[in-house]
Amino acid sequence: MSIIELKNVTFSYGKKTPYEMKALDDVNLCIEENLITGLIGHTGSGKSTLVQMLNGLLRPDSGTIIIDNEDIWEKPKKIGDVRFKVGIVMQYPEYQLFAETVRDDIAYGPKNMKLSEEEIDHRVRQSAEFCGISEDALDKSPFDLSGGQKRRVALAGVMAMNPKILVLDEPAAGLDPKGRREILGGIKRYREESGTTVIIVSHSMEDMAMYCDRVIVMSNAQAIANGTTKEVFSKKKLLLDAGLDVPEITHVASALRDIGVEIDNDVYTVDTAFEAIKRLHSSLNEEGSDE
Amino acid sequence: MAMDVSLGQYYEGKSFIHKLDPRTKLFFVLIFLVATFVASDVYAFALLVGVVSLAIIISRVPLRVVFKGLKPLTFIIIFTAILNIFWAKGETLLVNQELIPNFLTITIYKEGLINAGIFALRIIVLLIGTSLFFSYTTTPMELTDGIESALSPLKKIKVPVHEFAMMMTIALRFIPTLVDETSKIMNAQKARGADFSSGGLIKRAKALIPIIIPLFISSFRRADELATAMECRCYRGGVGRTRMKVLKFGVRDLIGFLLTGMLLAGVILINIYGNGYKI
């Protein structure tokens, strides 16, 4: 079931100036419900523009965006409602924190939704838990936290709105490996428990392979591929042409195949590589024992 | 996103006006301002309108761009014009209580109408003239360089001209950055359901807090980073500093100065000897 559908969406920045630039050119795509979809593309390929289309921050010049079977621009005055359905965590969201305490900052979204006090409190605790924010950190000032912790607070602020669709623009950019794992792991756990549809924009092929069920590839204002992670990462040439790459481990696997090692074709994460090598190893052992 | 914010107002071009030395433009704008206020004869005023129109044509900045710059000031222009209608007293009465009974208690004279029109036109000419020379055809950097150079004699009496110019350069440099940042933060808060366009005055002012606080914090952070970066490159003020682009007067600047002088002389002469309607 697709929850988001874009039909012939076109958008340009700086219309009628010498700086006019097409950011989305006749984009058609579907995003499946209850899955983690990765959105990859080189810098300036239109990813962030596409993200801002999804909750009506930008209005397409032409084309329609259908979310949950509704054309979101049918009633332009009601565009605010879409923002409660589609939660977006922008790039470097830690710079948008403003409240006196972490608790107040996370509660900002739910408050805008005009929920009851108890409900707000419940959601703040719940989303703080998902993002790994401890109980006593809730009463601290967000400005006293470290960069990684601030990022988690910002993430919790959007999660607390319980959106049907959660969109994250480069959620792990600039974090150390531990921070990356914690943030992305938290998102995965959140999706499993809440059944939210998640879209992650990223440059990291490794993260995509590890956490996403499906991947969409953007290049030069167009969506050039949309399929399961395996399908997309098997198109090595297309990815390289789009200024992207396949995960490092996939290069290792194909180099191994080139020298005659019969390793599986679909090695995209370290875990699958480990499994594949283990299988290879045991089959070699069997051959050895046959002799 | 940066593509959406035009870099200052600069409109790229290679026209005569673009190539003028910024100091020539400063001189012109100064004289032009004086001339616009001094002009008291309709023909002198027409000369100024003509000069501005000619300058627009020479600069090749499209009319659409020029008028777009006026848009934010429409309210002020209309407001002052309307005030002027009621202000002036003249000979030809158009509206008063006796002529049109029960129509409030206002009196309007024909002269008031004309004055209002000319007043509005005066503001428009002034705005177009200055913005054409200062922002559409001059980059902010050229402009501050020009100001620094023009004011450099003041260094002799210990006015920190270089420091002021540097402050201005930095401020101008960061306007697009801040605009960009503001729209990013606004989008982020809108995504969390913020509503900036409904409710009363107090509610709207309160709605701005989630934008202003992050903006302040990031501005301080930027200022800090910039100061460190400048110190790392051994910046220590203006003494002994050389420039990448050295300002130079050329033949076209001589022409510019001459034309400017002629404009002022023309306006004064028409004021004295002209027989047009006196404003």
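Where in chain A is A:Lys114 found? Select A:Lys114 to begin the tour: this residue sits in the loop between α3 (102-112) and α4 (117-130) of chain A. Keep in mind along the way that this is a predicted model.

**First stop: two loops of chain A**

Most residues other than glycine have a negative phi. A:Lys114 has a positive phi of about 60° although it is not a glycine. Is this residue buried or exposed? A:Lys114 counts as exposed, because it has 8 C-beta neighbours inside 10 Å and the cut-off for exposed is 12 or fewer.

Next, select A:Asn34, in the loop that links β2 (21-32) and β3 (36-41) of chain A. Here is another positive phi in a residue other than glycine, with a value near 60°. Colour its surroundings and you will find 14 other C-beta atoms within 10 Å, so A:Asn34 is partly exposed.

**Second stop: a helix with two faces**

Now move to helix α10 of chain A, residues 248-258. Highlight its buried residues, A:Ile249, A:Thr250 and A:Ala253. Try looking down the axis of α10(A): the buried residues fall within an arc of 105°, so they line one face of the helix. Turn to the face directed away from that buried side, and you meet the exposed residues A:Glu248, A:Ala255 and A:Asp258. Just after α10(A), pick out A:Gly260, which takes a positive phi of about 95°.

**Third stop: a helix pair in chain B**

Switch to chain B and show helix α5 (residues 74-87) together with helix α6 (residues 110-136). Their axes come within 7 Å and cross at roughly 155°, which means that α5(B) is roughly antiparallel to α6(B). The crossing is right-handed.

To see where the two helices meet, display side chains. On α5(B), the residues to look for include B:Ile77, B:Ala81 and B:Trp87; on α6(B), B:Leu113, B:Phe119 and B:Ile123 are among them. Sorted by class, this contact has eleven nonpolar, four polar and no charged residues.

**Last stop: where the chains touch**

Finally, show both chains. How many residues of chain B are in contact with chain A? There are 20, and they touch 27 residues of chain A. On the chain B side, the elements giving two or more residues are α8 (161-191) and α10 (209-232). Select α8(B) to see the largest share of that side, seven residues. Coloured by class, the side of chain B that touches chain A shows nine nonpolar, five polar and six charged residues.

Definitions and conventions: Residues are numbered from 1 along each chain as its sequence is written. Chains are lettered from A and ligands numbered from 1 in the order in which they are written. This is a predicted model: local features need pLDDT of at least 70, side-chain atom pairs count only at pLDDT 80 or more; totals for chains, interfaces and linings use all residues. Axes are lines fitted to C-alpha atoms, for helices over the stretch in contact, and angles run from 0 to 180 degrees between N-to-C directions. Helices (H or I, at least four residues) and strands (E, at least two) are DSSP runs, numbered from the N terminus. Angles under 35 degrees count as roughly parallel, over 145 as roughly antiparallel, 65 to 115 as roughly perpendicular and the rest as oblique. A crossing is left-handed if the near helix is turned anticlockwise from the far one by less than a right angle, and right-handed if clockwise. Two residues are in contact if their C-beta atoms, placed from the backbone, lie within 7 Å. Ala, Val, Leu, Ile, Met, Phe, Trp, Tyr, Cys and Pro count as nonpolar, Asp, Glu, Lys and Arg as charged, and the others, Gly among them, as polar. A residue is buried if 20 or more other C-beta atoms lie within 10 Å of its own, exposed if 12 or fewer, and partly exposed in between; C-beta atoms are placed from the backbone. The arc is that of the directions from the helix axis to the C-beta atoms.
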